Amino acid sequence: MKAPALIKKHIGFLLHALIGGSMWKRLLLFILAGTVVPFSTLTYYTYSNISGKLVEEYAATNSNSMVFMAKYLDGYYNDIKALVLNIYDDNTVFEYLKAEQFDLDHRKNVEDRLKTMLYSKAEIECIRFYTFYDQNMFAVTRNMHEAFEHVDQDSLAVKIPYLDRIDPVRKSYLSPVYTSANEVYSGTEIFTFNQAIFDIATNKTLAVLSYDINTGSLDKQYSMAGFKNGESLLLLNESNQVMYRYGGFELKAEDVNEFKNINYPNKNGYMYMKLNGHNNLVVYYKDPDSLYVSLKVIPVSILKQAVRSIVRENVELSIIFILAAVILVIFISNRMSLPVKKLAENMKKMETGKFNVRIDYRTLSSEFAFLFQKFNLMAEEINKLFNERYKLQLAQRSAELLALQAQINPHFLYNTLQTVQCMALKRDAYEINALVVALRDILKYCLKNSGDIVELGEEMDYVNKYLAIQKFRYLEDLEVIVHIEEAAKNIAVPKMILQPLIENCFIHGFENRAGRYRIELDCYCVEDICTLEITDNGKGMTPELVAQLEQEMSKLEDAEPYKRDGIGINNVNVRLKLLYKGNAGLKITSVPDVKTTIALILPIRERELHHLKGSGKQ
């Protein structure tokens with residue numbers, strides 16, 4: 001969506017809210033518009049006006065400190081360079097270089113001179129002295145380590161860093177700061193100073209003197225300059241190469257390129273630069289007589305902290321006034337709209353099925369009293385109609401429950417089984433007799449009028465008879481494992497709730513599958529929830545089939561009674577919904593070709609359990 005269309009849309013929404021909204025919303029919007037707009041304008045003016053003046057004052061103040069920093073580095077550079085006079089003042093060392101003769105006395109004399117120079121400044125980590133005519137290099141460090149070796153031209157640049165950078169005019173070079181890789185002071189931030197030793201008469205370079213100097217002295221000096229959190233100092237050489245930095249500024253490759261392109265129109269001044277992904281104020285000082293340019297990098301966010309403080313005070317004051325206005329509007333609107341809210345609350349109660357709500361309208365004005373009187377009449381009529389429909393629906397569901405449980409009803413079948421039992425005993429067919437007895441007990445349990453709820457122990461007796469019949473079919477190939485504590489057998493469960501789930505193991509789990517069959521039945525209770533798990537090692541179900549079954553079970557509550565067919569999972573699910581009104585359920589988990597578990601989750605109904613014990617139904 002384009003910007004003009006978006007603005008038009010928001011303006012239209014605001015106008016609609018102002019014109020067509022409720023009374024308290026319109027009043028609230030008008031008050032907000034009358035307070036937010038003036039305070040926002042004042043805040044913007046304050047921020048814009050003070051920001052520019054603050055930058056100019058800050059730049060002028062920091063320009064003076066830049067002069068000091070640049071002068072200090074020039075003096076520091078000259079102090080380091082003055083150490084070379086120790087070589088020129090030592091006739092023995094200098095004569096050795098010009099005579100191009102070397103012996104042990106010369107070596108000791110050079111090493112002594114280097115040690116004297118090393119300990120003249122605490123920040124010097126190492127001094128190297130290289131003679132060109134014999135390619136010998138002397139080195140001394142602060143751990144009293146002395147080294148003397150012959151260095152060929154190929155490895156000279158490694159032994160003495162930045163050797164090729166020595167200026168032909170100044171005969172010296174001060175490197176940018178870098179992290180040392182020397183094993184003695186590895187990881188130390190240092191810069192290297194190289195000075196050529198030459199014969200003044202012939203201008204011939206005789207040797208080179210190299211110092212590795214840590215930045216501790218510079219860091220200590222610049223730490224006293226009072227850098228705030230986020231401010232940084234940068235020193236650039238004549239080529240705009242960063243020589244040294246102090247502070248929290250992180251130097252990146254793109255920032256280095258930005259420094260290389262800097263132009264300094266004046267001796268000192270300031271500019272804005274985007275460094276390290278943020279806008280910064282850069283205050284500089286460039287003395288034509290100095291070797292270095294001093295830069296102070298100040299994040300714009302730091303500069304504007306003072307402005308933000310003023311703006312924050314204005315905003316806080318604005319918020320206080322706005323909140324006071326909003327509270328006043330809300331208080332007035334609530335007093336005016338309280339009767340309407342009361343009506344809405346009672347209507348929401350009716351939506352949840354509470355049709356006995358009534359509103360006392362005797363203390364209200366005549367307009368709302370009439371409205372509430374009509375609401376009470378409506379609620380009374382709805383409650384009357386709902387009670388009539390609920391009783392009719394309850395009778396219908398009771399009839400459905402009886403129809404679902406009546407799977408085997410004819411009494412003549414019971415008498416026939418007794419006849420078959422007698423014939424089996426006369427012919428000594430004891431296995432057939434046991435099978436008929438189990439089937440007779442199952443039929444007796446089905447025809448027994450013991451209500452919808454029985455004890456778990458009684459239900460398990462029925463399940464054991466059913467499993468005994470299945471063992472006649474599967475013989476030794478069927479293994480049944482039951483884990484039910486004695487205390488759990490007194491829990492009340494729906495009658496004939498387990499057998500349909502166990503029957504599914506044989507019909508679906510073991511169908512067309514060879515091998516040893518196993519059924520496990522576990523019962524465990526946590527607080528007021530009883531869980532019965534039936535697990536078989538059948539062929540299992542795919543995740544898609546499990547999801548389909550769960551979706552079908554979720555729809556059974558809204559289905560018509562004549563569509564609830566089957567005596568398996570659907571039968572159990574419908575009975576649970578009717579008996580427990582949604583507080584019980586089934587959970588199916590399955591791994592194809594490994595196992596299937598159906599968990600029956602029931603609330604423990606102590607009231608029904610006490611009723612069973614009191615009536616003698618054990």
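**Figure 1. The surface of the whole chain.** Start with the outside: the protein chain exposes about 35,900 Å², and carbon and sulfur atoms supply 56% of that area. Keep in mind that this is a predicted model. The chain has 618 residues, and buried ones make up 40% of them. Its secondary structure comes to 18 helices and 19 strands. Take the contacts between residues at least 6 apart in sequence: 60% of these join residues at least 24 apart.

**Figure 2. A nonpolar patch on the surface.** Here Val315, Ile319, Leu323 and Ile327 make a nonpolar surface patch of about 350 Å². Leu323, one of the four, belongs to helix α10, which covers residues 305–351. With a relative accessible area of 48%, Leu323 counts as partly exposed.

**Figure 3. Inside the largest nonpolar core.** Now for the inside, where the largest nonpolar core brings together 49 residues. The members that touch the most others are Leu114, Ile127, Phe129, Ile197, Leu209, Tyr211 and Tyr222. Helix α2, residues 23–82, gives the most to this core, with 10 residues. Apart from this core lies another one, of 48 residues, including Tyr445, Val454, Leu467 and Leu576.

**Figure 4. A closer look at Tyr211.** Which residues does Tyr211 touch, once those up to four places away in sequence are set aside? The list runs Ile80, Leu83, Val84, Met117, Cys126, Ile127, Phe191, Thr192 and Phe193. One of these contacts, Phe193, is also the bridge partner of Tyr211, with Tyr211 sitting in strand β7.

**Figure 5. Strand β6 and its partners.** Strand β6 spans residues 189–199, and 10 of its 11 residues are buried, so the strand is largely enclosed by the rest of the structure. Strand β4, residues 172–174, runs antiparallel to β6 and is joined to it by 3 bridges; within this pairing, Ser172 stands opposite Gln195 of β6. Strand β5, residues 178–179, also pairs with β6 in the antiparallel sense, over 2 bridges, and there Thr179 stands opposite Glu189. Then comes strand β7, residues 204–214, antiparallel to β6 and joined to it by 10 bridges. As a general point for reading a view like this, side chains in a regular strand alternate between the two faces of the sheet.

**Figure 6. The turn between β6 and β7.** These two strands form a hairpin with 4 residues between them. At Asn203 in this hairpin, look for a positive phi near 60°.

**Figure 7. A salt bridge within one helix.** The structure holds 8 salt bridges, and this view picks out the one where the side chains of Asp112 and Lys108 meet, at 3.0 Å from N to O. Both residues lie in helix α5, residues 104–118, and they are 4 residues apart, about one turn of the helix. Are the two partners buried or exposed? Asp112 is partly exposed, with a relative accessible area of 32%, whereas Lys108, at 51%, counts as exposed.

**Figure 8. A buried salt bridge between β12 and a loop.** The side chains of Lys296 and Glu231 meet here, 3.5 Å from N to O. Lys296 lies in strand β12, residues 293–299, and Glu231 in the loop between α7 and β8, so the pair ties together parts that are 65 residues apart in sequence. Lys296 and Glu231 are both buried.

**Figure 9. A salt bridge between β14 and a loop.** Arg516 and Glu479 meet through their side chains, with 3.8 Å from N to O. This pair links distant parts of the chain, 37 residues apart: Arg516 is in the loop between α15 and β16, while Glu479 is in strand β14, residues 478–483. Arg516 is partly exposed, at 48% relative accessible area, and Glu479 is partly exposed too, at 29%.

**Figure 10. Asp287 and its surroundings.** The last view shows Asp287, found in the loop between β11 and β12. This residue is buried, with a relative accessible area of 7%. Which residues is Asp287 in contact with, leaving aside its neighbours within four places in sequence? They are Lys71 and Lys267. From Asp287 to Asn266 is 9.5 Å, C-alpha to C-alpha, and the two are 21 residues apart in sequence.

How values were computed
Residues numbered from 1 in each chain as written. Predicted model: local features only at pLDDT ≥ 70, side-chain atom pairs only at ≥ 80, totals over all residues. Heavy atoms only, no water. Core = buried A, V, L, I, M, F, W, Y, C linked by side-chain atoms within 4.5 Å. Buried < 20%, exposed > 50% of the residue type's maximum accessible area, 1.4 Å probe, protein only. Contact = heavy atoms within 4.5 Å. Pairing = 2+ DSSP bridges. Areas by Shrake-Rupley, 256 points an atom, 1.4 Å probe, with all protein chains shown as cover. Patch = residues over 30% accessible without salt bridge, like charges linked within 9 Å, V, L, I, M, F, W, Y side chains within 5 Å.
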